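User: I should like to go through the charged pairs, one sheet and the cysteines of this protein. Please reason each answer from the model.

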Amino acid sequence: MKKYGKIYNDLGKGRDIVLSKDIGIDLGTANVLIYIKGQGIVLNEPSIVAIDTETKRVIAVGKEANDMLGRTPGKVKAIRPMKDGVIADFEITEIMLNTFIKKIKGKSFLTRPKILICCPSNITPVEKNAIKEAAERTGARKVYIEEEPKVAAIGAGMDISKPTANMVIDIGGGTTDIAILSLNDIVTSTSIRVAGNVFDQDIIKYIRDKYKLLIGERTAEEIKINFASVFKPDKKHTMEVKGRNLVTGLPHTITINEEETEEALHESVYRIVKATTNVLEQTPPELSGDIVSRGIVLTGGGALLKGLTELLTKELEVPVLIAETPLTCVVEGTGVLLENSHQLEEN
């Protein structure tokens with residue numbers, strides 16, 4: 001698989017960034033990643049909070065809460081406060097952010113930090129304000145909001161400052177953001193609520209409907225990451241899946257093959273293809289040629305779905321490449337912007 005190399009290696013060199021404690025946050029539906037200026041990525045944890053539903057007490061946040069997913073007693077509930085890239089539960093999101101910032105010793109900073117936080121493109125002003133307020137309540141001096149596809153493109157090493165087109169498809173946990181960028185701005189974009197979490201639900205539904213077997217989110221995610229394929233799947237490649245038989249109520253094991261995963265994910269993957277086609281159709285002709293020659297860059301965890309780059313290349317008739325570090329492109333992009341903070345002041 002081709003890798004899209006970084007070209008921003010020299011950005012920030014010569015700047016005195018060691019003493020700065022400005023923070024970049026990729027507040028994702030599936031994971032929260034935090035970058036401290038001068039230190040790099042200091043936190044990468046699941047966006048999950050476990051609470052006691054009777055006392056409303058927070059029991060665990062992040063990795064500890066994720067370990068409880070699907071394994072908690074009745075009164076303990078594991079909550080994902082982010083849904084489709086936006087805040088679904090304001091109070092729990094605030095608790096989660098506070099916990100993570102305390103974990104990186106954010107409260108011991110000599111000055112209140114500036115925070116750059118990323119959100120999906122095309123979210124409403126109300127949703128954007130909710131994200132901003134949640135960050136401000138953690139003690140930030142100033143909060144900047146940037147759109148994820150722009151920051152992902154920067155983190156992938158794309159030079160978006162020139163009058164040429166760059167195209168990125170950022171497939172996260174809750175949303176897929178598709179954007180064409182030029183001269184440090186988004187020319188055209190769209191955001192659809194089809195991404196990693198929907199892929200998991202597709203797999204759960206397929207196995208439930210075909211085999212009458214109920215599997216959990218963690219099992220579905222394991223199938224997606226380690227086994228599923230969406231391009232020329234191999235029927236001979238199989239995997240055992242354990243769950244609960246919906247007819248007998250007893251534990252049961254089945255065997256699935258790669259072709260079945262392609263069938264399960266087909267509709268959702270082609271919604272991404274359709275959304276990308278729509279963005280390409282809205283692109284000014286002068287920029288379309290750039291995309292044909294430069295290709296499209298995939299970022300986000302969904303970029304790692306087996307066969308996706310090949311499928312998109314075939315359907316879009318444009319080269320599709322995967323970023324060098326797709327899982328961390330957004331938070332790495334916040335690092336570049338923080339180390340070149342004059343770019344933030346201009347926004």
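Analyst: A salt bridge here is a side-chain nitrogen of Lys or Arg within 4 Å of a carboxyl oxygen of Asp or Glu. The model is predicted, and side-chain atom pairs count only at pLDDT 80 or more.

User: How many salt bridges does this rule give?

Analyst: Side chains of opposite charge can pair when their charged atoms come close. With the 4 Å limit as the criterion, the number of salt bridges is 14.

User: Which residue forms a salt bridge with K75, and is that partner buried or exposed?

Analyst: The closest N and O atoms of K75 and D52 are 3.7 Å apart. K75 sits in the loop between α1 and β7, whereas D52 belongs to strand β5, 23 residues away in sequence. K75 is partly exposed at 39% relative accessible area. Because the limit for buried is under 20%, the partner, with 5% relative accessibility, is classed as buried: D52.

User: Where in the chain is E217, the salt-bridge partner of R80?

Analyst: R80 and E217 form a salt bridge whose closest N and O atoms are 3.9 Å apart. Both residues are partly exposed, R80 with a relative accessible area of 29% and E217 with 37%. R80 lies in the loop between β7 and β8, and 137 residues separate it from E217, which is in helix α6.

User: Which helices does the salt bridge between K210 and E260 tie together?

Analyst: In this pair the closest N and O atoms are 2.7 Å apart. K210 is partly exposed at 46%, while E260 is buried at 6% relative accessibility. The two residues are 50 residues apart in sequence and lie in separate helices, so the pair ties together α5 and α7.

User: Which residues are joined into one network by salt bridges that share partners?

Analyst: A network arises here where salt bridges have partners in common. The residues joined in this way are D84, E127 and R193.

User: Which strands are at the edges of the open sheet that contains β16?

Analyst: The sheet has three strands in the order β15-β16-β17, with antiparallel pairing. An edge strand pairs on one side only, and this applies to β15 (213-214) and β17 (251-257).

User: What is the bridge partner of L214 in β16?

Analyst: Strand β15 is joined to β16 (residues 238-245) by two bridges, and the two strands run antiparallel. Within β16, the residue bridged to L214 is R244.

User: At about what angle does α5 run to β17?

Analyst: Helix α5, which also holds K210, lies across β15, β16 and β17. Relative to β17, the helix runs at about 105 degrees.

User: How many disulfides does the whole structure contain?

Analyst: A disulfide is a covalent bond between the sulfur atoms of two cysteines. The criterion is a pair of cysteine sulfur atoms within 2.5 Å. A search of the whole structure gives a count of zero.

User: How far is the nearest cysteine sulfur from that of C119, and how far for C329?

Analyst: C119 is buried, with a relative accessible area of 1%, and C329 is likewise buried at 1%. Neither C119 nor C329 is in a disulfide. For C119 the nearest cysteine sulfur, that of C118, is at 7.5 Å; for C329 the nearest is also that of C118, at 12 Å.

Key: Residues are numbered from 1 along each chain as its sequence is written. This is a predicted model: local features need pLDDT of at least 70, side-chain atom pairs count only at pLDDT 80 or more; totals for chains, interfaces and linings use all residues. Side-chain values use heavy atoms; hydrogens and water are left out. Helices (H or I, at least four residues) and strands (E, at least two) are DSSP runs, numbered from the N terminus. Buried means under 20% relative accessible area, exposed over 50%, partly exposed in between (1.4 Å probe, protein chains only). Two strands pair if DSSP finds at least two bridges between them. Contact means heavy atoms within 4.5 Å. Axes are lines fitted to C-alpha atoms, for helices over the stretch in contact, and angles run from 0 to 180 degrees between N-to-C directions.
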